[in-house]
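Open the structure in your viewer and keep the selection tool at hand. The stops below go from one element to the next.

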Amino acid sequence: MAAFSRNAKPIHYEAELVAVGEVMAAGQYGHGDITERFERAVAEFLGAPDVVAVSSGTMALHIALTAAGIGPGDEVVVPSMTFCATVQAIVASGARPRFAEVDPATMCMGAAQVMDAITPATRAVVPVLYGGRAVPLDTIFQELSDRGVVVVEDAAHAFGSFHGGVRVGAAGAVTCFSFGPIKNLTCGQGGGIVPRNPEEAGRARRMRLVGMVERADQRANSTSYRVERPGVRGHMSQINAAIGLVQLPRFTTVEPQRKALWRSYAAALNDLAEVVLVDVDVEHSVPSLCAVRVPDRDRVFETMRKRRIGVGVHYPPNHLQPAFSSWYCALPVTEQVAEEVMTLPFHHDMTEQDVRVVVSALKETLR
Ligand SMILES: *Cc1c(COP(=O)(O)O)cnc(C)c1O
């Protein structure tokens, strides 16, 4: 199958097979030392004091919101333009989503969109780092914190990207990553939380292990254990952590590959007047998507798919989904861009030649 026929895919380096084999041979599949090694390696890479590894990006958001004190009765501002998991995590925490608009140029909810959506009931804001782009809410950070509003970033797309001079996750907000199959860094399946302080980290660590306070080695020598707060089965398996530990050192090559791929698309799309490229700020980002806005998107999508080009749509808006209808509000900008957005095949197995194939197919389709 041609590389450009997949919208996204994981790449492995063989060493994962050995690492996973070792975990399986040892017979310790649950949370353990390898998971904790992965946590320390990611924290060191990001320049963050701590990282809590969990079973998915969705779980990272759910646990991070709860550990930050968000729950029933609270309102959480979130862009409608995101993967449904962001909203499901808010709902799972017991809070209610309040949908916000995005800036069509970046597909991100910036400071202006946050301030338009916020109400006295708002207790958290969840910016989504669409395509890998950091969302600087610095100008309103003080105001949010005066209002008692916590920022929990959905950085599922943005592993490795920079916020100012530091990596996303090292800039002070609670940050959630996904290490799912097609993300910038993969564990096969997994997620990570950067907490703001040791207390928040402790709450997240207990919650991911169904609320239990003691470590596995302590429980093994005891006839009881203690459960103080609600919990979920949300730990990261050592099988997944072992994959992540092999992938992480390779990220130094993934980072320039993904930037170069995005820049190739930007150059090749330059002479397609009808196509608007969604800007990821490639200088500071490790791109996760190459999103464009095109006229007559549904026809273009179908024609490209027939030509076996792996186009996608990120995302159908959440405020129009049946599951979230109780929180519906009209969002004209989001509704407009949602009809135009299409993502081009994007993964670090693609070559310049693949980009040329995709862009010339797009050119012919638009003619
Ligand atoms: C992938 C993704 C998630 C969820 O991560 P999982 O690891 O799949 O649970 C959340 N938000 C966004 C924007 C994502 O792309």
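What covers the buried residues of α4? This is a predicted model, and the tour begins at that helix. Select residues 84-92, which form α4. Its buried residues are Ala-85, Thr-86, Val-87, Ala-89 and Ile-90. Now add α3 (57-67), β2 (75-79), β3 (96-100) and β5 (150-154): these are included in what covers them. Then step past the helix to Gly-94, which follows α4 and has a positive phi, near 95°.

Next, show the strands. Seven of them, in the order β1-β9-β8-β5-β4-β2-β3, make an open sheet with mixed pairing. β1 (52-54) and β3 are the edge strands, each pairing on one side only. On average, neighbouring strands are turned by 25° against each other, direction ignored.

Stay at the β1 edge and select residues 191-194, strand β9. β1 and β9 pair in the antiparallel sense over 3 bridges; the bridge partner of Ala-53 is Gly-192 in β9. Two helices can be added here. Helix α2 (residues 33-46) packs on the sheet and touches β1, β8 (174-178) and β9, with its direction at about 125° to that of β1. Helix α7 (residues 198-208) also packs on the sheet, touching β1, β8 and β9, but its direction makes about 25° with that of β1.

Move on to a pair of helices, α9 (residues 238-269) and α12 (residues 352-366). They pack at an angle of about 35°, and their axes are 10 Å apart. The crossing of α9 past α12 is right-handed. To see the contact, select Leu-261, Ser-264, Tyr-265, Ala-268 and Leu-269 in α9, then Glu-352, Val-355, Val-358, Val-359 and Leu-362 in α12. The contact residues divide into 8 nonpolar, 1 polar and 1 charged.

The last stops concern the backbone. Most residues other than glycine have a negative phi, and most peptide bonds are trans. Go to the loop between α10 (297-306) and α11 (332-340), where Tyr-315 lies. A cis peptide bond, with omega about 15°, joins His-314 and Tyr-315. Arg-308 is in the loop between α10 and α11 too. Arg-308 is not a glycine, yet its phi is positive, about 65°. Is Arg-308 buried or exposed? Its relative accessibility is 65%, so Arg-308 counts as exposed.

Finish at Asp-281, in the loop between β10 (276-277) and β11 (290-293). Asp-281, again not a glycine, has a positive phi of about 60°. Asp-281 counts as partly exposed because its relative accessibility is 25%.

Terms used. Residues numbered from 1 in each chain as written. Predicted model: local features only at pLDDT ≥ 70, side-chain atom pairs only at ≥ 80, totals over all residues. Heavy atoms only, no water. Buried < 20%, exposed > 50% of the residue type's maximum accessible area, 1.4 Å probe, protein only. Helix = DSSP H or I, 4+ residues; strand = E, 2+ residues; numbered from the N terminus. Contact = heavy atoms within 4.5 Å. Axes fitted to C-alpha atoms, helices over the stretch in contact; angles between N-to-C directions. Left-handed = near helix turned anticlockwise from the far one by under 90°. Nonpolar A, V, L, I, M, F, W, Y, C, P; charged D, E, K, R; others polar. Pairing = 2+ DSSP bridges.
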